[in-house]
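Subject: Structure handover

Hello,

Please find the structure below. My notes on what was found in it follow.

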Amino acid sequence: MALSGLSDAQVKKACIEPDPRTKDFIFQQTMYRIKDPKRSLDFYTRILGMRLLKKLDYPSMQFSLYFMGFEDAADIPADEDERTKWCLSRKATLELTHNWGTETKEDLVYHNGNSEPKGFGHIGLNVPNVEEACKRFGELGVKFIKKPNEGKMSGLAFIQDPDGYWIEILNHNNIVKITSG
């Protein structure tokens with residue numbers, strides 16, 4: 001028997017209209033465990049252009065959270081309590097979790113979900129021009145899993161962050177071309 005994905009009819013049957021009580025729910029964050037916050041913060045700010053929205057420390061449990069996102073600096077509240085509430089109301093942030101001391105453990109490697117056993121795969125970053133973004137990433141020494149013109153899905157790329165997590169680099173117009181071509 002040949003393998004295939006769900007038919008459009010099966011998808012329609014599986015997806016129901018959201019319950020009205022969920023209308024104010026948002027997808028707020030994806031969490032990555034990171035080994036070295038200095039390397040990760042540099043990557044997500046300097047390389048990807050994200051901004052640190054909020055840092056939260058938990059000394060009794062020995063970890064810190066760094067919330068990253070694409071927000072205008074002028075919109076970030078100065079008051080720390082207001083900043084926390086504001087940060088946790090943003091859509092699609094990245095929560096970098098650093099368990100204190102991991103940066104000194106040479107053999108520590110977090111599972112990125114793309115090796116066996118497979119699980120989590122990647123996050124995606126929509127950019128205006130995939131080729132230009134990838135040219136810049138290459139100049140900055142970013143590790144590529146897939147360059148834009150490699151493989152069957154031309155027009156998108158995959159890079160890795162310092163902990164080996166995959167990041168898809170895409171442009172919504174390219175995806176339309178890939179799926180309709």
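**Helix α3 and the first sheet**

Helix α3 (residues 80-87) lies across β2, β3 and β4 (93-99), at about 110° to β2. Helices here are DSSP runs of H or I of at least four residues, and strands are runs of E of at least two, both numbered from the N terminus. Contact means heavy atoms within 4.5 Å. Axes are lines fitted to C-alpha atoms, for helices over the stretch in contact, and angles run from 0 to 180 degrees between N-to-C directions.

This is a predicted model, in which local features need pLDDT of at least 70 and side-chain atom pairs count only at pLDDT 80 or more, while totals for chains, interfaces and linings use all residues. Residues are numbered from 1 along each chain as its sequence is written, and side-chain values use heavy atoms, with hydrogens and water left out.

The strands under α3 belong to an open, mixed sheet of four, in the order β1-β4-β3-β2; two strands pair if DSSP finds at least two bridges between them. Its edges are β1 (29-34) and β2 (51-58), each of which pairs on one side only. From one strand to the next the twist averages 20°. Seven bridges hold β2 and β3 (residues 63-69) in an antiparallel pairing, and Asp57 has Ser64 in β3 as its bridge partner. In the loop between β2 and β3 sits Gln62, which has a positive phi of about 55° although it is not a glycine.

**The second sheet**

Another open sheet of four strands, also with mixed pairing, has the order β5-β8-β7-β6. At its edges stand β5 (122-126) and β6 (143-146), each with a single partner strand, so one side of each has no neighbour in the sheet. Neighbouring strands are turned by 35° against each other on average, direction ignored. β6 runs antiparallel to β7 (residues 157-160), joined by three bridges, and Phe144 stands opposite Ile159 in β7. Helix α4 (residues 130-139) lies across β6, β7 and β8 (166-170), at about 140° to β8.

**The largest pocket**

The largest pocket has a volume of about 330 Å³. On a 1 Å grid over the protein atoms alone, a pocket is an open set of points where a 1.4 Å probe fits, with protein on both sides within 12 Å along at least five of seven lines; lining residues have an atom within 4 Å of a point. Grid points are joined across faces, edges and corners, and the volume is the space filled by probe spheres set on the points.

Of the 17 lining residues, Met50, Phe70, Ala92, Thr93 and Gly124 lie nearest the centre. β4 and β5 are the elements that give two or more residues to the lining, and β5 gives the most, with three. Ala92, in the loop between α3 and β4, has a positive phi of about 55° although it is not a glycine.

**The loop between β4 and β5**

Pro117 is in this loop, and the peptide bond from Glu116 to Pro117 is cis, with omega near -5°. Most peptide bonds are trans. Five aromatic pairs were found in the whole structure. The ring centres of Tyr32 and Phe120 are 5.9 Å apart and the planes are at 85°, so this pair is edge-to-face (centres within 6.5 Å, planes over 60 degrees apart). Tyr32 is in β1 and Phe120 in the loop between β4 and β5, 88 residues apart.

Regards

Notes:
Phe/Tyr/Trp six-rings, centres within 6.5 Å; stacked < 30°, edge-to-face > 60°.
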